[in-house]
Amino acid sequence: MASNRKLQFCVVLLIEALLICTALLQRFPPSGDDYSYLYQAKLFASGKIYAEDPLYRLTSPLHDCVATNCLKDYQGHRFSKYPPGWPALLAVGALFGVPWLIDPLLGAVLGFLILRHVEQQLDAKLVKVAGLLLTLSLFFCYYAASLRSHIATALCVFAAFVTYDAAQQRSGRSRFLLFSAGALLGYSSMIRYIDWVPLAAWIGVSLLRRKRFSELTFFAGGFAFLASGNLLYNFFLLGDPLQTPSTLNHSASMHDRLLVSWTGILVTGVRLLNLLWVFPPAILLVALWKRYQPSPEARMYVALFLMNIGIYFFYPAAAGGPGPRYLLTYFPFLILAVVDLYRWICKDGSPVLLGLWKAAIVFQIVGSLSFATRQGFMSYWQRDLERTAREAENGEKIFLLKTGTYHANVGDLTRNPPALSSAGNLYFALCDQPETHGLLERFPGRKVFIYEYPGSLRRIADSQ
């Protein structure tokens with residue numbers, strides 16, 4: 001029965017993610033991050049690591065017209081500012097024309113691993129509770145429907161966790177399993193640079209305390225084997241293995257930097273408030289912690305999640321949204337801790353505690369519906385340019401963006417494919433007259449429109 005339930009919940013997760021992807025987001029990359037990953041995936045699928053064009057030179061007088069958020073331009077080359085691990089996975093979908101399908105599938109696999117861990121390490125009867133928490137968390141499903149890297153990172157980290165756990169139970173194959181756990185964390189570092197740190201630190205300290213030095217060597221070797229892919233990628237892309245794409249042309253701002261700042265306290269507080277909005281049962285963990293007296297496993301789950309919060313304290317550039325996305329990698333461990341709390345509530349049998357649990361589930365439903373409603377509203381208005389462009393006349397067109405759309409600036413919408421000449425529609429920022437004239441000469445024979453939010457499109461003289 002538990003096995004059937006696991007599969008049923010995974011199918012529900014997959015369906016929820018696909019519905020969000022197709023109905024709510026309509027396969028539209030809602031942010032520059034999503035588009036940046038997709039852009040690099042298309043490059044990888046075509047056998048390239050960057051796009052080339054004279055417009056991508058920072059010294060070009062037309063560069064301000066083509067600059068795009070989350071894409072980096074360097075010596076006439078354009079590429080994503082993010083590490084290569086997630087675009088490499090998306091490229092598999094891009095090859096078959098279904099990049100939007102990759103994240104939902106990975107989300108379903110992650111859900112299966114979480115439920116399998118509940119069945120084996122907690123109690124098979126709790127699979128239903130864990131599955132309910134997962135399927136009611138539209139925050140989790142939203143990212144499983146996106147083009148972002150968080151679900152893939154969470155899958156690598158959680159798979160490394162269960163692999164390490166298996167290594168401790170199977171001494172005969174522990175070295176291979178430890179190498180595999182390290183390799184999974186190594187690949188997670190090729191998706192997101194720092195999310196591997198909490199679990200790697202926990203495993204490393206655990207092995208050191210027990211003086212398992214040979215096992216630690218295999219674990220570290222597996223990590224280094226795949227994490228070194230970042231160095232190779234940086235070398236082929238930029239000629240310097242220690243130079244990451246995200247640090248190119250850096251300003252003095254705190255973006256894409258780890259640092260100690262008082263802002264980290266405020267930003268961390270916002271992330272925690274967002275967490276309570278999208279996952280209200282977490283409140284019970286805090287409220288009942290002293291009375292609850294959690295098991296060692298539950299303490300471990302909470303410790304790993306708190307370490308995730310701690311790591312991102314040093315990244316105060318943004319709270320991260322929608323929802324607390326920087327906390328998503330270790331979100332499965334928070335779910336496991338809440339499942340263990342539910343086990344204690346049932347064992348205690350107090351009507352008050354059972355009532356609190358039911359209230360938490362009601363708030364979970366309300367929070368998820370409000371989250372989905374808000375994202376649906378934002379997605380609709382972010383697609384205003386897409387809808388307006390479809391109303392233009394047939395033929396090849398250039399859209400000069402005077403404004404962005406709802407919660408998306410101009411630089412977030414100057415989205416063009418790697419091969420500019422092959423695009424039916426091109427999107428550029430509306431620059432000063434000399435730059436605009438030079439841009440139109442670069443792409444002759446196209447109809448030219450000026451876009452202004454909301455829904456305003458004005459045709460001007462065609463490019464010559």
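Leaving aside neighbours within four places in sequence, T436 is in contact with L400, L430 and C431 in this structure, which is a predicted model. T436 itself is placed in helix α19, which spans residues 433-442, and the residue is buried, with a relative accessible area of 6%. The three contact partners of T436 thus offer a convenient route into the description, since L400 belongs to a bridge pair with a residue of β6 and C431 takes part in a disulfide.

The strands are considered next. Four strands form an open sheet, arranged in the order β5-β4-β6-β7, and the pairing within this sheet is mixed. The edge positions are taken by β5 (425-429) and β7 (456-460), each of which pairs on one side only, and the twist from one strand to the next averages 25°. Within the sheet, strand β4 (residues 397-401) and strand β6 (residues 447-452) pair in the parallel sense, over five bridges. L400, one of the residues in contact with T436, has I450 in β6 as its bridge partner.

The contact of T436 with C431 leads to the cysteines. The structure holds one disulfide, and this bond joins C65 to C431, with an S to S distance of 2.2 Å. C65 lies in helix α3 (residues 63-66), whereas C431 lies in the loop between β5 and α19, so the pair ties together parts that are 366 residues apart in sequence. Both C65 and C431 are buried. The loop that holds C431 therefore lies between an edge strand of the open sheet, β5, and the helix in which T436 is placed, α19.

Other cysteines were examined in the same way. The sulfur of C21 is 13 Å from the closest cysteine sulfur, which is in C141, and this separation is too far for a bond, given that a disulfide requires the two sulfur atoms to be within 2.5 Å. C21 is buried, with a relative accessible area of 2%. C70 is likewise in no disulfide, and the nearest cysteine sulfur, that of C431, is 19 Å away. For C70 the relative accessible area is 16%, and this residue is classed as buried because the term applies to values under 20%.

Technical notes. Residues are numbered from 1 along each chain as its sequence is written. This is a predicted model: local features need pLDDT of at least 70, side-chain atom pairs count only at pLDDT 80 or more; totals for chains, interfaces and linings use all residues. Side-chain values use heavy atoms; hydrogens and water are left out. Two strands pair if DSSP finds at least two bridges between them. Helices (H or I, at least four residues) and strands (E, at least two) are DSSP runs, numbered from the N terminus. Axes are lines fitted to C-alpha atoms, for helices over the stretch in contact, and angles run from 0 to 180 degrees between N-to-C directions. Buried means under 20% relative accessible area, exposed over 50%, partly exposed in between (1.4 Å probe, protein chains only). Contact means heavy atoms within 4.5 Å.
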